[in-house]
Amino acid sequence: MNRITILCFCFFLSLIIIFVSAAPDLDGPTTSIIFTTLGRSDYAFDVFSLPAQGPSTVVDELRITDGQSVNFNGHFPASSIISILPDQTLIESSGLKRPDESLQTVYVTERNGSSSIYLDIIFYYEIPRNSRRRSALETAVRVQVPLLGTNSEQSNGRVSMKDRPSVVGEYLVYVSTHEDSGVPRKSWAAVYLTHLPTGSTRRLTPYGVADYSPAVSPSGVWTAVASYGEEGWGGEVEELNTDIYVFRTRDGSERTKVVEHGGWPCWVDDSTLFFHRRGGDGWWSIYRAILTESVVIERVTPPGLHAFTPATSPGNKNFIAVATRRPDSDFRHIELFDLLSNEFRALTRPISPQTHHFNPFISPDSTRIGYHRCRGDSNGGKSPQLLLENLKSPLPEISLFRFDGSFPSFSPAGDRIAYIEFPGVYVVNRDGSGRREVFSGMAFSTAWDRKRRGVVYTSAGPTFATESTEVDIISIHVDDDVDQPSYKKLTTGGKNNAFPSPSPDGKWIAFRSGRSGHKNLYIMDAVEGERGGNGIHRLTEGPWTDTMCNWSPDGDWIAFASDRENPGSGGFELFVIHPNGTGLRKVVQSGSAGRTNHPWFSPDGKRIAFTSDYAAVSAEPISNSHHYQPYGEIFVVNLDGSGLHRLTHNSYEDGTPAWAPNPIRPVDVKLPKGGPHCSFEDCHWLNNSPNHSVDQQQSEPRC
C-alpha cells in the first residue's frame, strides 16, 4: 500500500469517525437546546459548618457536602432519621458502627442534571477532634441517600426545582415546582409533605397559591411559609410582596395569615416566629412575631446594615443566625445576633472575608451553624468547570444544556459556538477546545451566517440602552488567521441597531433599530449592510419596541419579542411575521405585563424556544446571589402557539436559548482548563443604603 493510498484511507476513516460521533442516538434525543444562566457556572456551592461558640479559626470550618456539583440550603434534623429510611442497604454496607451518632445533614443538590434533596451521613469517630480539617472529605465514612427516590409519588420522573427541605419525624417538608399552576405568571412553587418510609406525598399549599421558604415548628405541628396568598406575583425581582402564613403540617389545614409583609420565617417555639422584611427606612432587618390572640411584631436587628434569612433553633432564646451585608463590605457573611445584649458577632468574616456566605441554619442543640458558600479550589478539582452542563429534560426528544457564556449560537455545522463574555465575542469548539476572542469590544447577541463560513454577526455597543445610543451590527470573520479577526460595520449612524439574525440563504439580516425614535425591525443586505445596493427596508413600524428577532430555517417567518400591546410597560409577547411584512400574529403571552423574550427557532422550524416569566419566581431572590431577572425559565412552544412546555426549573435567571443544528449527546462537556472561580456577585440592590431611594427596586431594564 503506497503513501497516497494510506493517506486517503486515513482521511476517509476520519470522516467516518466524525459522522458516527455526530450521528444522533436513535434511542436518545433528536434535538438540543443550550441556554445561559447568569453566574451559575461559578457557584460551586458546598454546605459548611462552624461551631456557634467562638472565636473560630480556619481549622474549625467543616465542609459537610462532597464537592460535587452545587449543594445548598441545608438543614440539621432534630433527631436521627436513619432508621426510617426505606432502603438500609447503603447504611449497612458503609460499615458505620454507631450510625445514630453521626452528623446528619439534609440539603438541596443539583448533581446529575436535576434538583434533588439528599441526606449526608458523616461519621467522625475515627478522626481525633484536633485533627479535623476544613473538609468533611477527610472523614472516614460518608453515606449519601437521595430522599426523594423512586418510592416518592412526587418524583415519578418529573423535572422540578426543590428547595428549603426540613425533616419532622418520618416526614420531609420542602418546596417543589413539579405541578403546573395553569396560569401565566403564577408560580409553580408549592410546599409538599413526603412520608420517607413509603414515599407517599401530599400537597400542603392550596391550588392557585404559591408558597416559599417553609419552616416547621419545633413540635412539628405547624409550618410557616412566605406566600402571596391568592393575589399572586406582581413582577417583583428583589423583595417579594409576601406575607407569613401558618398551617398544620400534617395536612395544610387551618391556614392563617399571621404577618403582613415578611419572608423566610423560622421558629423558636410554637408561638414565636422570626422573619425578614425590608423596612420603610430601606434596611433589611429581622423581626419577631409573637403569636398570641393578637400577633405582636417587633424589630429585632437595628438599622445600619442589611440582615436577612434568619435561622433559629428550638427553645434557643439567646441568639439567632443571620446573613448580613454591611456598608463596609461587598460580601455577604453569617453573623450571630445576641438577643439579650442586642449585639452582633461575626462568624464567617474572620475566616473567609472575601467570600459570600448564604442562608444559615442551626443545629437542634444550638452548637453548630451551617451555611453554604463557594468551595473555591478546596475541592481538589473534583468539580471542573463545564462548557456544557447537561440537564435532565422534561421532553425526552430534547437534550438540554446550560452553557458557560451569554448569547450562544451554533455554527451551521454545529461544531462551533459563538458567545459573549461582556466584554468580548468568543468562539469555542463544541468539545470545549479552541476557545479564543474574536472581538474585544462590548457586544451582545451572536448569530452565524448560514452560507458564508466563519462569519459571525453581533451587536457592538452597550446593552439595555436608549433608542439613540450608538450600537451597530458588525460581521466578524472569525477564521482570519490573526490574533484579532477583522470585522465589518454593517449599519450606519448608531441608533441602537441590534439582535442580527441572517436569512437561511445568507442574503439578508433582520435586526432591530431605534433610528425612527422607536425600536422596530428592519431587513438589510447581509454582506454590504445598509450601504449595499439592496439597501434597507422596514419590517415593522409603530411607537413600541420590536426586538430580539430570529429568522426561521425555512425562511418563512421571523420571530420577535414586542411590547406593542402595552408600549413601555416592560411586558413583552412573542410574535411572528413573514419577511414581507404580512402574517403578523401572536404566539405566546405571559399574562398581563409578562415577558417572553429571546425566541429561537428549532432546526425544523416547527417550534420556538424562548425565555419567560410565565412561571413567575420559584424562591425568594434574596436567598440567592445576584440575578437581574430571577424569574427567567426556558420554554418551548409550537409555531401555532400550542404545545407550551417548561424546560428549566430553578430560582436563577435562565436566558438566551439557542437551538443546535444537530442533536447533542446528553453528557457534560468540560472546559480543558479552569474550575469554579467564585466570581459571581451578590444582589446588587444590597449595595443600597437607606440614603438611596428604595422605590427604584421594582424598575427593570428595558430590552
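**Chatting about cavities, a pocket and cores**

Analyst: Let's start inside this predicted model. The lining of the second largest cavity has 4 nonpolar, 5 polar and 3 charged residues.

User: Okay! What volume does the second largest cavity have?

Analyst: The second largest cavity has a volume of about 80 Å³.

User: And which residues line it?

Analyst: Among them are Phe72, Asn73, Glu110, Met161, Lys162 and Asp163. From further along the chain come others, including Ala619, Asn650 and Tyr652. Two strands, strand 4 (71-75) and strand 8 (162-168), each supply at least two residues of this lining.

User: How many cavities of 30 Å³ or more are there?

Analyst: The count comes to 6 cavities of 30 Å³ or more. The largest cavity has a volume of about 180 Å³. It is lined by 16 residues, and the closest to its centre are Gly113, Ser114, Ser115, Leu391 and His649.

User: How does the lining of the largest cavity divide into nonpolar, polar and charged?

Analyst: That lining has 4 nonpolar, 7 polar and 5 charged residues.

User: Switching to pockets now. How much space lies in the second largest pocket?

Analyst: About 650 Å³ lies in the second largest pocket. Its lining has 34 residues, and His75, Phe76, Ser166, Val216 and Thr312 are the closest to its centre.

User: Which elements give two or more residues to that lining?

Analyst: They are strand 4, strand 8, strand 12 (211-216), strand 16 (263-269), strand 20 (306-311) and strand 24 (357-362).

User: Nice, and which strand gives the most?

Analyst: Strand 8 does, with 5 residues. As for make-up, the pocket lining divides into 22 nonpolar, 11 polar and 1 charged.

User: New topic: nonpolar cores. Which residues touch the most other members of the largest one?

Analyst: Ile33, Ile34, Phe403 and Val636 do, in a core of 27 residues. Several strands each supply at least two residues of this core, including strand 1 (31-37), strand 26 (386-391) and strand 46 (633-638). Strand 27 (398-403) is also one of them, and strand 27 gives the most, with 4 residues.

User: What does Phe403 touch?

Analyst: Leaving out residues up to four places away in sequence, Phe403 touches Ile34, Phe35, Thr36, Leu387, Leu388, Pro408, Ile417, Tyr419 and Val428.

User: And how many residues are in the second, separate core?

Analyst: That second core has 22 residues, including Met161, Val225, Ala226 and Val237. Met161 came up earlier too, in the lining of the second largest cavity.

Definitions and conventions. Residues numbered from 1 in each chain as written. Predicted model: local features only at pLDDT ≥ 70, side-chain atom pairs only at ≥ 80, totals over all residues. Heavy atoms only, no water. 1 Å grid on protein atoms, 1.4 Å probe; cavity = no way out; pocket = protein on both sides within 12 Å on 5 of 7 lines; lining within 4 Å. Points joined across faces, edges and corners; volume = space filled by probe spheres on them. Nonpolar A, V, L, I, M, F, W, Y, C, P; charged D, E, K, R; others polar. Core = buried A, V, L, I, M, F, W, Y, C linked by side-chain atoms within 4.5 Å. Buried < 20%, exposed > 50% of the residue type's maximum accessible area, 1.4 Å probe, protein only. Contact = heavy atoms within 4.5 Å.
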